[in-house]
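Here are some exercises to work through with the model open on your screen. Try each task before you read its solution.

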Number of protein chains: 2
Amino acid sequence: MQFTQGFHRAVQQRPQQTATLCNDRRRSYAELKDRVARLAAGLCQLGVRDTNRVAMLALNSDHYLEYYLAVPWAGAQLVPLNFRWSVEEIGYALNDCEAVALFVDDTFAPQADALLDACTYVRILIYCGDGKCPEGMVAMEDLIAQNEPMEDASLSNSPLGEEVLGVFYTGGTTGKSKGVLLSHRAVTNSALAFIAEGANVFSSNSVGLHIAPMFHLADAMQTTALILSGGTHVMLPVFRPDAVLDAIQRHHVTDTLLVPAMLQALVDCPALAAHDVSSVRNVLYGASPASESLLDRAMKALPNASFYQGYGMTEVAAVGCILPAHEHLAEGRAMGRLRSAGHAAQQVMVRIVDDQDHEKARGEIGEIVIRGPSLMDGYLNQPEATATALKNGWMHTGDLAYMDDEGFVYIVDRAKDMIVSGGENVYCAEVENAVASHPAVASCAVIGVPDEQLGERVHAVIVLKPGTTLDQAALNAHCRTHIAGYKCPRSLELCDALPMSGAGKVLKTELRKPYWSNLKRQVN
Amino acid sequence: MQFTQGFHRAVQQRPQQTATLCNDRRRSYAELKDRVARLAAGLCQLGVRDTNRVAMLALNSDHYLEYYLAVPWAGAQLVPLNFRWSVEEIGYALNDCEAVALFVDDTFAPQADALLDACTYVRILIYCGDGKCPEGMVAMEDLIAQNEPMEDASLSNSPLGEEVLGVFYTGGTTGKSKGVLLSHRAVTNSALAFIAEGANVFSSNSVGLHIAPMFHLADAMQTTALILSGGTHVMLPVFRPDAVLDAIQRHHVTDTLLVPAMLQALVDCPALAAHDVSSVRNVLYGASPASESLLDRAMKALPNASFYQGYGMTEVAAVGCILPAHEHLAEGRAMGRLRSAGHAAQQVMVRIVDDQDHEKARGEIGEIVIRGPSLMDGYLNQPEATATALKNGWMHTGDLAYMDDEGFVYIVDRAKDMIVSGGENVYCAEVENAVASHPAVASCAVIGVPDEQLGERVHAVIVLKPGTTLDQAALNAHCRTHIAGYKCPRSLELCDALPMSGAGKVLKTELRKPYWSNLKRQVN
């Protein structure tokens, strides 16, 4: 279906219900619809046309939801940008998708000039902050105030939603990020599968808290699911444990989605005991499994909450597997299910296959492949990468895993040499390029090592050139000029030579071994 | 998605769970998959090819579910037939869709010869009864025993499910029934919307009871939803209140779908008190609203059950509106919601429009139109009727209604001159044709009148030719040779002349007035 279809239903059925709560702003569904229809008209008036791409670089706010709705409403396509990226990385994405307009908030408005220099096609800057509109930008509030509401252009398409909703950038194995083309159909199907998974997850009386960044597709699933069910959105600009606790208590938050590192910070927060968090009934976490001890503490801290783990990737519109709430309890734990990534979600087919795409027997390790109506259309401008990823109609995740007799998937390694750190994918090749460009580095390898906060931490093993030195601070300062902060090595280790295979490949398994000896993640 | 996709998921995740319970047969999901894959191979071996149509004429049983799965598995299309129809009506449908094969059970095997005479294309008769296979038929059990399991042919298509799943016949306003072409996508989306609607409706631990006939698309939604969630199916061949109560108690039934007339019979059944029905947690009813007194008694009889009303039609894959469980309770009742047909279900857009398809203001009467991914592809062999029904991309239901400020839809009349009796649509024109063909009838009009059991009852108003007589028994005997029993008038009224409009049309509003004076249904 069309992305906005569920929004129309919510407006029809509960026009007076609170749609957004952000800072001290509260807006009903009827008000939100009016703003969205005016903002869409404003975009059209600025010359944004069908299938033009409109990017957003902003922290979480109610304006982010308005952007998500107004762009397809105008018939255009979304490009929510990772705000942790460097100007160079963002510029690459904006040029790759030929975005014609860019929204920036107060945090990112100061970067606007540098961004404009870095990109070719953007000709409209829209300011969605709360202060004074900078010179050379159009204020979002002016667009809303000065335009009459327009009809939803996306509804003139068929209700199947086969059109592209947006380009969602994901890290690239070869150093450049890839623009994942997701249809309206893919995103809405995935969110609906999410809703169907659990009793009362993202229902019409849900108050959902956007803790994770709204540019990320995982949070976009929460956004979509709340739109489909007509629940209330609460936005927090950045993750701060005490602010999260305040928001939960103040707005009676029922549902949220986060990564284990955030859950850890929440249960460690001294302010926890002083807050009433009894309203929370569903916690969805993803990117990496949570440890049993973390879950124990989280369940104690949020006594009324059910916990769901999600496994997926942008290419499948976020949701592939789900570990249901009841598997987090005694019986599921005894079966070792907490170490799994769950089993296929509604509308999703998951298989473990060999390199010929033949299904492996249960218990045998192979690649996870995923199929269903929420698959991407492909990677923008990358037909070869698309063909490889979608070979035989299945998304090849690159992750190695085995499946047990009840369909639960246990990830044993990432074939793509990728680290999942604090919920973000970090491709080792990209970090290695940045590290290797330091003048002191002779050779290097980047691996993920266990980290209580981040799940995995980016770790560099480096051979120095003779007579040079390098410490963590210097390495970080260097890398930060090339790649986003979350991709930079958090720790480093110097050695005389990297262990090599006969074919001259670095044996990362050898490098990882000392860190992963009590395996949750199997070294192979 | 493909219709069988959810079935593969259920087999992967709970192979040992009970899939079907019928008579004393219990089969697990793994067993069911094996039987379905063999039966599909058997169909192919008989020469059934891609997009061939395979019909079924049978009471409810586990074999009906095997049919629903095996036919798409073989790459063919379903044609579940209304067993209440006359041989003439069934023959019409079989010829219209050019079905090549027909399944019959013990009840309908004796009609097989007459059916073969009435149709042109059927060349394979498959016996799915429990007795001895009649001469000239192939036994379904032999097909299962004698063929190796084949791969699911439907999975070679894209996961979007745009192919036709089957032809579902619905009554026709002009006397001939129409074959509604529904895609895999339409049927699965509709079932998923159903699952997403209510907490715990059709979940993996559901035990669903097929009370309504499985040929009917409403029950097919229950079938699909249970497949998607991997629940257990319990089949009863025909509706008998005591057998329903026995099945509920014996199999701990949790979910079921029925029409108000059946609910009435259940709560009236003397055996109710002696049965433990505490397992029932969800009751979905449809076709007509239930009275407050019936719901009161039903809620008392089934104390743990939530009640959901569905409104829809075959053309939208059954589900258009849903009246949620909580609207059946005190607040919803006080708002008069029990008289509504609910509001738009997940993935469904519902509007009230004028004859130019412009949306009417809230509270104003217009036609209900429906849009979403569960819309039919069209009517088989009827391009004009398709174009009319799907004008501007919306399904024009022909039902007149108004919408309140929270999206609830109140039906005031059926524009198509249709009666909904005991859950079946009866088109007045078709009944009038049958009545008028009686030699004693000079002119006639058929209307629906209120009926405690059936919701509406088919009622004939007749002007006799001079010197003739006609009673209910004689009229019924005559009509039964032309149309299904449920379409025949249950009561008749003789008069000297029918009230006519200036343009010579029968004023049915005048005829209905005496029966509908305390309106639930508005006379207009």
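**Exercise 1.** Work out by what turn and what shift chain B can be laid on chain A.

*Solution.* Superpose the copies by least squares on the C-alpha atoms of residues with pLDDT of at least 70 in both. A turn of 180 degrees with a shift of 0.0 Å along the axis lays chain B on chain A, at an RMSD of 0.0 Å. That is the relation of a two-fold axis.

Some housekeeping: this is a predicted model, where local features need pLDDT of at least 70, side-chain atom pairs count only at pLDDT 80 or more, and totals for chains, interfaces and linings use all residues. Residues are numbered from 1 along each chain as its sequence is written, while chains are lettered from A and ligands numbered from 1 in the order in which they are written.

**Exercise 2.** Find which elements of chain B give two or more residues to the side that touches chain A.

*Solution.* Start with contacts (C-beta atoms, placed from the backbone, within 7 Å): 28 residues of chain B are in contact with 28 residues of chain A. Next, list the elements giving two or more residues to that side of chain B: α1 (5–13), α7 (184–197) and β16 (343–344). Of these, α1(B) gives the most, with five residues. Finally, compare the two sides: 100% of the interface residues of chain B are also interface residues in chain A, so the copies meet through the same surface.

**Exercise 3.** Decide whether the radius of gyration of chain A agrees or disagrees with that of a compact globule.

*Solution.* Take the radius over C-alpha atoms, and use the globule rule of 2.2 Å times the number of residues to the power 0.38. For 524 residues that rule gives a value near 24 Å, and chain A has 23 Å, so the two agree. The C-alpha atoms fill a box of roughly 70 × 55 × 50 Å along the principal axes. As for burial, a residue is buried with 20 or more other C-beta atoms within 10 Å of its own, exposed with 12 or fewer, and partly exposed in between, with C-beta atoms placed from the backbone. Buried residues come to 55% of the 524 in chain A.

**Exercise 4.** Trace the order of the nine strands in the open sheet of chain A.

*Solution.* Helices (H or I, at least four residues) and strands (E, at least two) are DSSP runs, numbered from the N terminus, and two strands pair if DSSP finds at least two bridges between them. The order is β2-β1-β11-β10-β12-β13-β14-β15-β16, with mixed pairing. At the edges sit β2 (25–28) and β16 (343–344) of chain A, each paired on one side only. For an antiparallel pair, look at β14 (306–311) and β15 (321–323) of chain A, joined by three bridges; there, Y311(A) has C321(A) as its bridge partner.

**Exercise 5.** Follow T256(A) in β12(A) to its partner in β13(A).

*Solution.* First, β12 (255–258) of chain A runs parallel to β10 (207–210) of chain A, with three bridges, and L209(A) stands opposite T256(A). Then turn to β13 (282–286) of chain A, also parallel to β12(A), with four bridges: here V283(A) is the partner of T256(A). The chain gets from β12(A) to β13(A) through α10 (260–268) of chain A in a right-handed β-α-β crossover (clockwise from the first strand over the helix to the second, with the strands pointing away from the viewer). Both faces of β12(A) are covered: D255(A) and L257(A) are buried on one side, T256(A) and L258(A) on the other.
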